[in-house]
Amino acid sequence: MIPYGKHHIDDDDVNAVVDVLKNQFLTQGVKVPEFEQALCDFTQAQYSLVVNSATSALHLACLSLGVTAGDIVWTTPITFVASANSARLAGAQIDFVDINPITHNICADKLATKLALAKQENSLPKAIIVVHFAGLSCDMLTIAKLTKKYNVKIIEDACHALGGQYLGSMIGSCQYSDISVFSFHPVKSITTAEGGAVLTNSRVIIDKARLLAKHGVSRDIPATDPELNQAWCYQQTELGLNYRLSDLNAALGISQLKKLPDFVKRRRLQAQRYFEGLQSLPLQLPEFETLHQSAWHLYTIELLEHDRGEVYQQLIEAGIGVNVHYIPVHWQPYYQALGFQKGDFENAETYYRRTLSLPIFPTMTAKEQNKVIETLTRILS
Ligand SMILES: *Cc1c(COP(=O)(O)O)cnc(C)c1O
C-alpha cells in the first residue's frame, strides 16, 4: 500500500536521538532551547516554544491570548478537529466561517460579512484560528486588515504549512498574526514523533505560553514572602499544564529541520508531476500558481463527475492509500450536539463530498507516483 503520507528518518536522525539517550538530560536539557532557536531562525519569528503536540500548542495559543469562558472563537470547518477543540478547551464558544472553494482556506469575503454582522450584534470573536489548508497560506494580508478593524486576534494553525511561503516570508513568521502553531506529527513536514510549536513576535504571549506549558510554575518570579524567597524558590502563579517536549523529541526535530528544505522541494516536484499527470482528467486540481508557495502537506483533488466513495474504494483496492481531509468539523457528533447542522457551511460540505487526498511524501518514488496517476486515469476514463 502506498500511504497518503509518511515520515522519513535517516541515520543522522537516529544518531541525534541516541546521543541524547546517552546524555544526562532526557528532558529539560539543551536540545529544547536549541530546537526553539532553530525554528526561529527558519521562520524569522522572534520567539518559539516547543511542546508535546500541536493540539497542546493550539490550546496554549488560546490561553495565552486570554481566551476564556464567555469568549467566542471562529475557525474553518475544513480542518482537523483540534483547531476547534482548542478554543472549546479554553472555555470559549466556537463558530465557523465557510471556505473559499478554490483555495479551501477560510473565505476572506465571508469573514468580512460575518465580522460586520457580529459587530452589529455585539458578538465579535476574541480570536480566529485560520488554517493554511494542505500547506497553502490563507490570504493573511486581507484577514489581518479585517481583524485589526475589529480588534480580533489571529492564530495561524500552520500544522500543514511548515516550509511554505507567503508573500516572500516563511509561514510561521507571524508577520500578519499573533501566533502561529506547527505540528511535528509523523505525517507533517518534519517529525518529532509527537510534538508541536507556538511561534510569536510578542514577548508577553511567549512568556505566558511558556509559563502555562510548565504547570504555571516559575523559578524566575521573585517571592515577596521572605520564607519563600530562597535559593530553592519556585512559585505557581497560574493554573498550568505539563505540555513539555522531551529532549529526545527535540533532538529529532533539530535533525529533521535541517532536511526540511529538501523535503519541501521533493513535495513540490511531486505536486508538479500530479499537475502534469492529472490535468486532462475530470478533476478540480489545486491552483497550479501555488506550486512554489505551498508546503504541499496534502495534494487534494475534487472529483467532478465520479462518485467519490467508489473511486476511493477502487484506489484502496489497487494499493493506493488515499484519504479524506476532512470531514467538516461541524458534522462531528460533538459539534452537532452544540447545535451545528449539516447545511450550515455549504462550500465546506460540497468540497468534503468530492475530495480525495492523493499520496504525497518526500520519499515517494516516481514509480509509485506513476502508479497513482495511471490507476486514477484508468478509473476515471
Ligand atoms: C495535525 C494537525 C493538528 C494537530 O496536531 P498534533 O500535533 O497531532 O496535535 C491540528 N491542526 C491541523 C490542521 C493538523 O493538521
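**Exercise 1. Describe the second largest pocket: its volume, its lining and the domains that contribute to it.**

Solution. Step 1: the second largest pocket holds about 330 Å³ of space. A pocket is here an open set of points, on a 1 Å grid over the protein atoms alone, with protein on both sides within 12 Å along at least five of seven lines, and lining residues have an atom within 4 Å of a point. A volume is the space filled by probe spheres set on the points, which are joined across faces, edges and corners.

Step 2: 22 residues line this pocket, and the closest to its centre are Phe80, Cys159, Ser183, His185 and Lys188. Helix 3 (54-64) and helix 4 (81-89) are the elements that give two or more residues to this lining. Helix 3 gives the most, with three residues. Helices (H or I, at least four residues) and strands (E, at least two) are DSSP runs, numbered from the N terminus.

Step 3: by class, the lining of the second largest pocket has nine nonpolar, ten polar and three charged residues. Ala, Val, Leu, Ile, Met, Phe, Trp, Tyr, Cys and Pro count as nonpolar, Asp, Glu, Lys and Arg as charged, and the others, Gly among them, as polar.

Step 4: domain 1 (11-258) and domain 2 (260-380) each supply at least three residues to this lining; the domain bounds come from an automatic or database domain assignment.

The model is predicted: local features need pLDDT of at least 70, side-chain atom pairs count only at pLDDT 80 or more, and totals for chains, interfaces and linings use all residues. Residues are numbered from 1 along each chain as its sequence is written, and side-chain values use heavy atoms, with hydrogens and water left out.

**Exercise 2. State what UniProt lists for Lys188, and determine whether this residue is buried or exposed.**

Solution. Step 1: an unreviewed UniProt entry lists Lys188 for "active site"; such annotations may be inferred rather than shown by experiment. Step 2: Lys188 is placed in the loop between strand 8 (179-183) and strand 9 (196-200). Step 3: with a relative accessible area of 15%, Lys188 is buried (under 20% relative accessible area; exposed is over 50%, partly exposed in between; 1.4 Å probe, protein chains only).

**Exercise 3. Find how many disulfides the structure holds, and explain why Cys62 forms none.**

Solution. Step 1: a disulfide is a covalent bond between the sulfur atoms of two cysteines; the cut-off applied is a pair of cysteine sulfur atoms within 2.5 Å. Step 2: the structure holds zero disulfides. For Cys40, the nearest cysteine sulfur is that of Cys174, 9.3 Å away. Step 3: Cys62 cannot bond because the closest cysteine sulfur, in Cys159, is 12 Å from its own, too far for a bond. Step 4: both cysteines are buried, Cys40 with a relative accessible area of 8% and Cys62 with 0%.

**Exercise 4. Locate the largest cavity with respect to the two domains.**

Solution. Step 1: a cavity is a set of points where a 1.4 Å probe fits but cannot get out. The count comes to three cavities of 30 Å³ or more. Step 2: the largest cavity has a volume of about 120 Å³. Of its 13 lining residues, the closest to its centre are Thr103, His104, Ala134, Leu136 and Pro286. Step 3: the lining of the largest cavity divides into seven nonpolar, five polar and one charged residues. Step 4: domain 1 (11-258) and domain 2 (260-380) both give residues to the lining of the largest cavity, so this cavity lies between them.
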